[in-house]
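Me: I should like to learn how the terms used for a protein structure are justified. Please set each value against its definition and then conclude.

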Amino acid sequence: MNEKLYVGGLPYSTTEDQLQDIFAAHGTVVSARVITDKFTGRSRGFGFVEMGSGEEAQRAIDALHDSDLGGRKLTVSEARPQERRGGFGGGGGGGGGGGGRNRW
């Protein structure tokens, strides 16, 4: 089993320290990260926790999945590998400059 876990349903006030403390009761926490909106800096209500071993990760899933935290039901599962996102980088072309009169 993968040591990296997805944690959804977090209260928006949850800090990374609190997330680490919750999971530390079930094993060694290598890292705990609450994902935030890059524009507002506010929590997006989910995060990732990396446990010390696959066995500890499974214990944390068994203990915390569907549990209550601050009135919200947690979703704890094995994290999927990050997918490459397309979008803005690379290639493309583009756009001419505008502005000049009688360009041709």
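**Reasoning from values to terms**

Me: What kind of model is this, and what is its average pLDDT?

Reply: This is a predicted model. The protein chain has an average pLDDT of 87, and 80% of the residues reach at least 70. Confidence is highest in β1, at a mean of 97, and lowest in strand β4 (residues 68–69), at 94. Where pLDDT is low, predicted coordinates should not be read in detail.

Me: How many helices and strands does the protein chain have, and in what order do the elements run?

Reply: There are 2 helices and 6 strands. Starting at the N terminus, the order is β-α-β-β-α-β-β-β.

Me: Why is the pair of Y6 and F46 called tilted?

Reply: The ring centres of Y6 and F46 are 6.0 Å apart, and rings pair if their centres lie within 6.5 Å. Their planes meet at 35°. Planes under 30 degrees apart count as stacked and those over 60 as edge-to-face, so an angle between these limits is called tilted. Y6 belongs to strand β1 (residues 4–8) and F46 to strand β3 (residues 43–51), so the pair links parts that lie 40 residues apart in sequence.

Me: What makes the pair of F46 and F48 edge-to-face?

Reply: The centres of the F46 and F48 rings are 6.1 Å apart and the planes stand at 85°, so the pair is edge-to-face. The angle required for that term is over 60 degrees. Y6, F46 and F48 together form one aromatic cluster. The count of aromatic pairs comes to 3.

Me: Why are Y6 and F48 called partly exposed?

Reply: The relative accessible area is 28% for Y6 and 25% for F48. Buried means under 20% and exposed means over 50%, so a value in between is called partly exposed.

Me: How do you know that a charge sits over the ring of Y12?

Reply: The charged end of R72 is 5.0 Å from the centre of the Y12 ring. The distance must be within 6 Å, and the charge must also be within 35 degrees of the ring normal. The distance fits the first condition, and R72 is indeed placed over the ring. K4 likewise lies over the face of F48, at 5.3 Å from the ring centre.

Me: Which residues have the most contacts inside the largest nonpolar core, and which elements supply this core?

Reply: This core has 16 residues, and those with the most contacts inside it are L5, V7, L19, F23, V49, M51 and V76. Two or more residues come from each of β1, α1 (16–24), β2 (29–36), β3 and α2 (54–64). The greatest contribution is that of α2, with 4 residues. As for V49, its contacts beyond four places in sequence include L5, V7, L19 and F23.

Me: Why is T14 called buried?

Reply: T14 has a relative accessible area of 9%, and the term requires a value under 20%, so T14 is buried. T14 is found in the loop between β1 and α1. Beyond four places in sequence, T14 touches L19, V34 and L69. A polar atom of the T14 side chain also lies 2.9 Å from the backbone oxygen of P11.

Me: Is S53 buried or exposed, and what makes its link to E55 a polar contact?

Reply: S53 has a relative accessibility of 19%, and is therefore buried, as the limit is 20%. S53 lies in the loop between β3 and α2. The side chains of S53 and E55 are joined at 3.3 Å, and a polar contact requires the atoms to be within 3.5 Å. Across the protein chain, buried residues make up 31% of the 104 residues.

Me: Why is K73 called exposed, and which residues does K73 touch?

Reply: K73 has a relative accessibility of 57%, and exposed means over 50%, so K73 earns the term. K73 is in strand β5 (residues 72–73). Beyond four places in sequence, K73 touches G8, G9, D66 and S67.

Me: What makes the phi of D66 worth noting?

Reply: D66 has a positive phi of about 70°, although it is not a glycine. Most residues other than glycine have a negative phi. D66 lies in the loop between α2 and β4, and at 45% relative accessibility D66 is partly exposed.

Notes
Residues are numbered from 1 along each chain as its sequence is written. Side-chain values use heavy atoms; hydrogens and water are left out. Buried means under 20% relative accessible area, exposed over 50%, partly exposed in between (1.4 Å probe, protein chains only). A nonpolar core is a set of buried Ala, Val, Leu, Ile, Met, Phe, Trp, Tyr and Cys residues joined through side-chain atoms within 4.5 Å. Contact means heavy atoms within 4.5 Å. pLDDT is the predictor's confidence in each residue, from 0 to 100. A polar contact is a pair of N or O atoms within 3.5 Å; within protein, one must be able to donate a hydrogen and the other to accept it, and residues adjacent in sequence count only if both atoms are side-chain atoms.
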